[in-house]
Amino acid sequence: MRYLLFSVFALFFSISSFSQEMNSETLLEILQQESDTLQVNGNSYRFLIDDTMLICVFDENANRMRIISPIIEREKIGEEELLNALVANFHSALDVKYALSDEVIWSVFTHPLKELSEAQVIDATKQVYTAAKTFGGSYSSTNLVFPGNTKKKEKKLPQVLKKT
């Protein structure tokens, strides 16, 4: 019994020692190291990487965070670019997704805040940046691409026969 109790305690301790405890202060420190400039505004950090704006918004009470980057206004792109972004969400955007909000196309990474590691924050920042820069081209967040159709292909619609 004593051995079992010790084993359970050891297992619990080892699992808890590997858990993440990301918070807004640690997140700020990481983003300051990764960015060229950074501004704090309440529960958001606005920062630049190579003249590309990124924003990190977090809510510690809800245990959520997102890193986002505005790409282009919706009215400035056609349907093909929008559909290619949707295809990329499946094949080449990986942990980042393309999204539409307030008529702006964004690259977006979302995650529970506490469970993030430092490496994940750094990787997420790079993926959001890369997805924003490659929009309209490869639509990718890394060099990794899942196999399959990576570009939207037009299908010919069947011709509707008219009665004469």
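1. Contact here means heavy atoms within 4.5 Å. In this predicted model, helix α2, residues 24-34, lies across four strands: β1, β2, β3 (52-59) and β4 (64-73). The helix runs at about 15° to β2.

2. The strands belong to an open sheet of six, ordered β1-β2-β3-β4-β6-β5 and paired antiparallel. The edges are held by β1 (37-41) and β5 (97-101); each has a single partner strand, so one side of each is left without a neighbour in the sheet. On average, and with direction ignored, neighbouring strands of this sheet are turned by 30° against each other.

3. Helix α4, spanning residues 118-134, also packs on the sheet. It touches β2, β3, β4, β5 and β6 (104-111), and its direction makes about 15° with that of β4. Strands β2, β3 and β4 are thus named for α2 and again for α4.

4. For the edge strand β1, the partner is β2 (residues 44-49); the two run antiparallel and are joined by five bridges. Two residue pairs can be looked up in the structure: Val40 stands opposite Tyr45 in β2, and Asn41 has Ser44 of β2 as its bridge partner. The two strands form a hairpin with two residues between them. In that turn, Gly42 has a positive phi of about 65°.

5. On its other pairing, β2 meets β3, again antiparallel, through six bridges. Phe47 stands opposite Leu54 in β3. This hairpin likewise has two residues between the strands, and Asp50 takes a positive phi near 45°. When checking backbone angles, the residues to look up are Gly42 in the turn between β1 and β2 and Asp50 in the hairpin of β2 and β3.

6. On confidence, the protein averages a pLDDT of 85, with 76% of the residues scoring at least 70. Two stretches call for separate mention. Over residues 8-18, pLDDT stays under 50, and the model has zero contacts beyond four places in sequence for them. Residues 154-158 also stay under 50 in pLDDT, with zero contacts beyond four places in sequence. Where pLDDT is low, the predicted coordinates should not be read in detail.

Key:
Residues numbered from 1 in each chain as written. Predicted model: local features only at pLDDT ≥ 70, side-chain atom pairs only at ≥ 80, totals over all residues. Heavy atoms only, no water. Pairing = 2+ DSSP bridges. Axes fitted to C-alpha atoms, helices over the stretch in contact; angles between N-to-C directions. pLDDT = per-residue confidence, 0-100.
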